[in-house]
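Here's a quick briefing for anyone meeting this structure for the first time. Take a look at the model, then read on.

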There are 2 protein chains.
Amino acid sequence: MPNEQENGLLYFPKATLDRLKLYQMVLAELPDKENISSDEIAERLKITPEQVRKDISYIKYNGKPKVGYHIKTLLEELNRLFGTTNKNNVILAGVGHLGAAIANYPGFSAYGMEIVALFDSDPQKQGTFVRDLTVLPIKDLRRIIKRFKVEIGIICVPKESAQSLAEQMVACGIRAIWNFAPIILRVPDDIVVEDENISISLLGLKHKLEQRRQERQIVKNTPS
Amino acid sequence: MPNEQENGLLYFPKATLDRLKLYQMVLAELPDKENISSDEIAERLKITPEQVRKDISYIKYNGKPKVGYHIKTLLEELNRLFGTTNKNNVILAGVGHLGAAIANYPGFSAYGMEIVALFDSDPQKQGTFVRDLTVLPIKDLRRIIKRFKVEIGIICVPKESAQSLAEQMVACGIRAIWNFAPIILRVPDDIVVEDENISISLLGLKHKLEQRRQERQIVKNTPS
DNA sequence: TAGATTGTTAATCGATTAACAATC
DNA sequence: TAGATTGTTAATCGATTAACAATC
């Protein structure tokens with residue numbers, strides 16, 4: 001293993017790790033194909049096949065010359081790496097449009113995520129059902145987290161209340177936060193935070209369009 | 001300007017660009033502070049102040065020694081860079097839970113995005129209202145895109161229909177796609193695609209948790 | 001066997017960090 | 001002025017690419 005550290009853990013360059021997520025997605029999308037070549041993965045993601053091979057060389061799996069990668073096996077290895085088969089009990093707070101959408105997201109169980117409770121500070125929403133779950137008041141947070149050994153909290157509240165909610169979750173024993181509110185949360189270092197920040201994504205979209213616009217202007221102003 | 005290219009466009013390292021988005025967010029969050037130091041920005045994002053200064057040095061804005069960066073001015077410069085003040089007419093297809101949530105997202109107008117029409121292939125949904133907009137059938141796509149000079153299409157349909165929808169949007173003249181479906185779209189090179197992929201984000205979350213788990217195991221198995 | 005495709009090593013390129021100069 | 005903070009240059013580090021060896 002070329003990338004093993006002293007403690008036995010594997011090291012992955014951050015960029016490699018991000019691409020491995022994309023490979024997982026590409027492979028999971030594929031119908032019932034047996035094998036796939038680095039060329040085909042690369043083509044779908046608009047990167048080079050060398051890059052794909054280099055990245056895959058970091059995990060303990062080997063493709064076959066002339067055949068490519070065995071999709072099922074490689075996918076299993078990627079899933080082991082990401083820990084997708086581990087089970088987690090999850091809570092979600094903020095049952096607005098976005099919260100309801102996330103709560104109804106069908107893909108969760110494939111990743112071992114089970115939502116065990118929903119929370120909202122709005123008394124009007126408390127007691128109502130979303131899917132098969134009653135919306136609970138925030139004061140029940142601690143009880144539920146203890147009872148279901150909840151590790152992950154999903155934050156879908158407006159950005160004004162996100163920081164305070166995060167602190168309450170942490171105080172109640174949550175280990176990881178999946179944050180959909182468009183702010184930077186401040187939490188202790190040992191708490192895992194994954195941001196799904198629509199505003200950041202929007203900045204990326206706007207910037208790409210702005211770049212295209214500027215490129216067009218240059219073409220227009222360049223005498224041919 | 002140290003990073004100017006021959007064509008006059010500025011070049012930014014990709015990593016720098018991603019962090020500039022975070023700076024935009026941090027500054028936009030701030031109450032009515034006048035100035036902010038590289039130290040404070042760095043502290044909030046858990047990076048180094050040197051990195052912050054280096055990144056900001058790429059844009060044509062200068063901070064003041066002993067004072068820091070003037071928030072309002074820097075924010076304006078970042079917004080110019082990202083093109084957030086440009087106006088775009090936008091359509092959204094797929095008015096399920098997620099689509100409705102996106103359509104109701106309050107932050108769009110601040111980024112110059114105006115949703116001018118909603119689409120869904122489900123006849124049951126066609127004719128119903130979401131916000132102040134009627135849901136239209138897909139066959140109206142071309143007409144609306146032409147009429148409103150729509151540049152951006154938001155895809156919120158299930159992943160099975162996302163590729164075909166993307167192709168229709170492209171055929172009707174869309175220049176950019178904001179894709180919320182968890183698949184890799186295949187579109188021509190001149191089409192801008194920004195993915196907001198919840199599954200990828202979920203992989204990131206699971207992986208960070210898996211890493212923590214492994215680290216804990218090592219600590220446990222290391223004789224002290 | 002020849003050919004196709006993977007895997008690895010070395011070279012290049014790019015990004016981060018460190019050191020320090022500039023300046024308010 | 002002294003001190004704090006920004007800005008820049010050079011050194012280091014890390015990631016990508018190119019070349020080619022390995023192998024089915």
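What follows covers how the protein meets each DNA strand.

This is a predicted model, where local features need pLDDT of at least 70, side-chain atom pairs count only at pLDDT 80 or more, and totals for chains, interfaces and linings use all residues. Residues are numbered from 1 along each chain as written, chains are lettered from A and ligands numbered from 1 in the order written, and side-chain values use heavy atoms, with hydrogens and water left out.

**Around DNA strand C**
- Strand C has 20 residues around it, the closest being Ser38(A), Arg53(A), Gly63(A), Lys66(A) and Arg19(B); "near" here means a heavy atom within 4 Å.
- Sugar and phosphate make up 61% of the strand C atoms that come within 4 Å of the protein.
- The side chain of Ser38(A) has an N or O atom 2.6 Å from a phosphate oxygen of strand C.
- For Tyr11(B), a side-chain N or O atom sits 3.2 Å from a phosphate oxygen of strand C.
- H1(B) gives the most to this surface, with three residues.

**Around DNA strand D**
- Strand D also has 20 residues around it, and Arg19(A), Ser38(B), Asn62(B), Gly63(B) and Lys66(B) come nearest.
- Here 64% of the strand D atoms within 4 Å of the protein belong to sugar or phosphate, and the rest to bases.
- Arg53(B) goes for a base: one of its polar side-chain atoms lies 3.0 Å from a base nitrogen of strand D.
- Asn62(B) has a side-chain N or O atom 3.1 Å from a phosphate oxygen of strand D.
- H1(A) gives the most to the surface near strand D, with three residues.

Technical notes. Polar contact = N/O pair within 3.5 Å; in protein donor to acceptor, adjacent residues only side chain to side chain. Helix = DSSP H or I, 4+ residues; strand = E, 2+ residues; numbered from the N terminus.
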